[in-house]
Amino acid sequence: MNHFSKTVMITGGAGFIGSHVVRLFVNKYPSYLIVNADALTYAGNLENLKDIEHAPNYRFEKSDITNEKDIADLFSQYSFDAVIHLAAESHVDRSIIDPLAFVKTNVMGTAVLLNACRKFWKKDITNKLFYHVSTDEVYGSLGEEGFFTEETAYDPRSPYSASKAASDHFVMAYYHTYDLPVVISNCSNNYGSHHFPEKLIPLMINNIINNKPLPVYGKGENVRDWLWVEDHARAIDVIFHQGKTGEKYNIGGFNEWKNIDLVHLMCEIMDKKLNRSPGISAALITYVKDRAGHDLRYAIDAGKLTKELGWKPSLQFEEGLEKTIDWYLQNHNWVKHVTSGDYQNYYTEQYAKR
Ligand code: NAD
Ligand code: TYD
């Protein structure tokens, strides 16, 4: 027993979204003990949490969610009341290179966690919750019109989205079969600080700063719905506390952008910030071979979350994008650290042959 009112395991808390969720919960709920369980893969970085690492209600545990013994040991040690599960392999391009790594972490890892909850919560399930953080990519690809709702049939098309869809199915299977209290949210593309520079927005910012080519896949006409990462963390907070067990909630930015328009907008903002003449950054745009099976458009209808739980995005996109760019301009060292070593190998492998 400890003196905290709740003990919450957050998996993947050293990653991009996870670090924002951990920070929000540690600061907002001093009566909760927050245990960040993360294997520290290439995408996990404890520098993301420097500001809260000594908080009295925070613990870090280096552990791999695919390792049953690691997870059982943590459950024995902490007697968790809830799990917020974000740990995953999260990059579509990497899933095309190494799909089995995604099956292992995203499917097997989720099943290991669910099974630990089933076993450790068997005696007393009151006030327990397994919160699974998922993606809108499970719904597949939209044409020019329409939105994903919670009722849209799953139609994943990349190894990444297939592994996330499988993990969502396992979560619901544990709900129906074992009465495990679960909730799932499916969110659109996030952007903000501490975003690993293999994803579109931070990769483009980093390349613009370094005068490197800006690799736009295909014709740049694919559409994504972008949400400020801190608004995603706020949505997770709301759903964790008020969401209905066994339900799914879509989270989105109501903010669709064609990739090429977004890259042009970033170039314009960065020309100003870097005192470059207009057009200098945009001259770096280079069209490269398209991604295999590239989903055309994602767009989320987050109406259920807004109507039932009162959440909506707090920031206008242009404001969030400027804040994000400023963060990268002010945090060279973070970028330097995360892009040293393995990142260089990945980058060469991924872009040299396009
Ligand atoms: P990320 O790649 O930045 O971070 C993933 C974290 O998980 C890292 O800290 C990594 O070390 C950890 N991890 C990986 N394998 C692990 C393992 N076997 N055991 C323990 N920890 C492990 O990912 P992100 O972008 O922050 O995404 C977090 C979650 O949100 C994922 O589940 C992802 O599918 C989902 N999601 C992401 C987005 C997005 O736009 N990035 C949108 C919707 C949903
Ligand atoms: P990404 O950030 O990888 O997210 P996701 O594929 O999960 O939506 O990519 C966002 C969009 O940007 C997607 O349509 C692919 C495209 N893209 C590029 O054009 N160039 C790049 O170098 C990257 C990483 C992505």
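Strand 8 makes the largest contribution to the shell around ligand 2, putting in three residues. The model is a predicted one, and the two ligand sites are taken in turn here, followed by the helix packing.

Strand 8 spans residues 214-217, and along with helix 6 (200-209) it supplies at least two residues of the ligand 2 shell. Altogether 18 residues surround ligand 2, and the closest are Glu 137, Arg 224, Arg 291, His 294 and Tyr 351. Sorted by class, that shell holds eight nonpolar residues, with five polar and five charged ones besides.

Two of those closest residues, Arg 291 and His 294, also turn up among the polar contacts. For Arg 291, a polar side-chain atom sits 2.5 Å from an oxygen atom of ligand 2. With His 294, the distance from an N or O atom of the side chain to a ligand 2 oxygen is 2.7 Å. Asn 189 joins in as well, an N or O atom of its side chain lying 2.8 Å from an oxygen atom of ligand 2. As for how much of the ligand is wrapped up, the protein covers 98% of the 520 Å² of accessible area that ligand 2 has on its own.

Over at the other site, 29 residues surround ligand 1. Ile 17, Asp 38, Ser 90, Tyr 160 and Lys 164 are the closest of them. By class, the ligand 1 shell splits into 13 nonpolar, twelve polar and four charged residues.

Both backbone and side-chain atoms figure in the polar contacts to ligand 1. On the backbone side, a polar atom of Ala 39 is 3.1 Å from a nitrogen atom of ligand 1, while a polar backbone atom of Leu 40 is 3.5 Å from one of the ligand's oxygen atoms. Asp 64 uses its side chain instead, with a polar atom there lying 2.9 Å from a nitrogen of ligand 1. Of the 840 Å² of accessible area that ligand 1 has on its own, the protein covers 96%. Two helices and two strands give two or more residues each to this shell: helix 1 (16-28), helix 5 (159-178), strand 5 (129-135) and strand 7 (189-191). Strand 5 gives the most, with three residues.

Turning to the helices, helix 5 is back again, this time as a packing partner of helix 4. The axes of helix 4 and helix 5 are 8 Å apart, and the angle between them is about 15 degrees. That angle falls under 35 degrees, so helix 4 and helix 5 count as roughly parallel. Their crossing is right-handed.

Helix 4 (residues 99-120) also meets helix 2 (residues 68-78), where the two axes come within 10 Å and cross at roughly 40 degrees. Helix 2 and helix 4 are therefore oblique to each other, and this crossing, too, is right-handed.

Helix 6, already met in the shell around ligand 2, packs with helix 10 (residues 317-330) at an angle of about 55 degrees, their axes 11 Å apart. An angle like that makes helix 6 oblique to helix 10. Here again the crossing is right-handed.

Note on methods
Residues numbered from 1 in each chain as written. Chains lettered and ligands numbered in written order. Predicted model: local features only at pLDDT ≥ 70, side-chain atom pairs only at ≥ 80, totals over all residues. Heavy atoms only, no water. Near = heavy atom within 4 Å. Polar contact = N/O pair within 3.5 Å; in protein donor to acceptor, adjacent residues only side chain to side chain. Areas by Shrake-Rupley, 256 points an atom, 1.4 Å probe, with all protein chains shown as cover. Helix = DSSP H or I, 4+ residues; strand = E, 2+ residues; numbered from the N terminus. Nonpolar A, V, L, I, M, F, W, Y, C, P; charged D, E, K, R; others polar. Axes fitted to C-alpha atoms, helices over the stretch in contact; angles between N-to-C directions. Parallel < 35°, antiparallel > 145°, perpendicular 65-115°, else oblique. Left-handed = near helix turned anticlockwise from the far one by under 90°.
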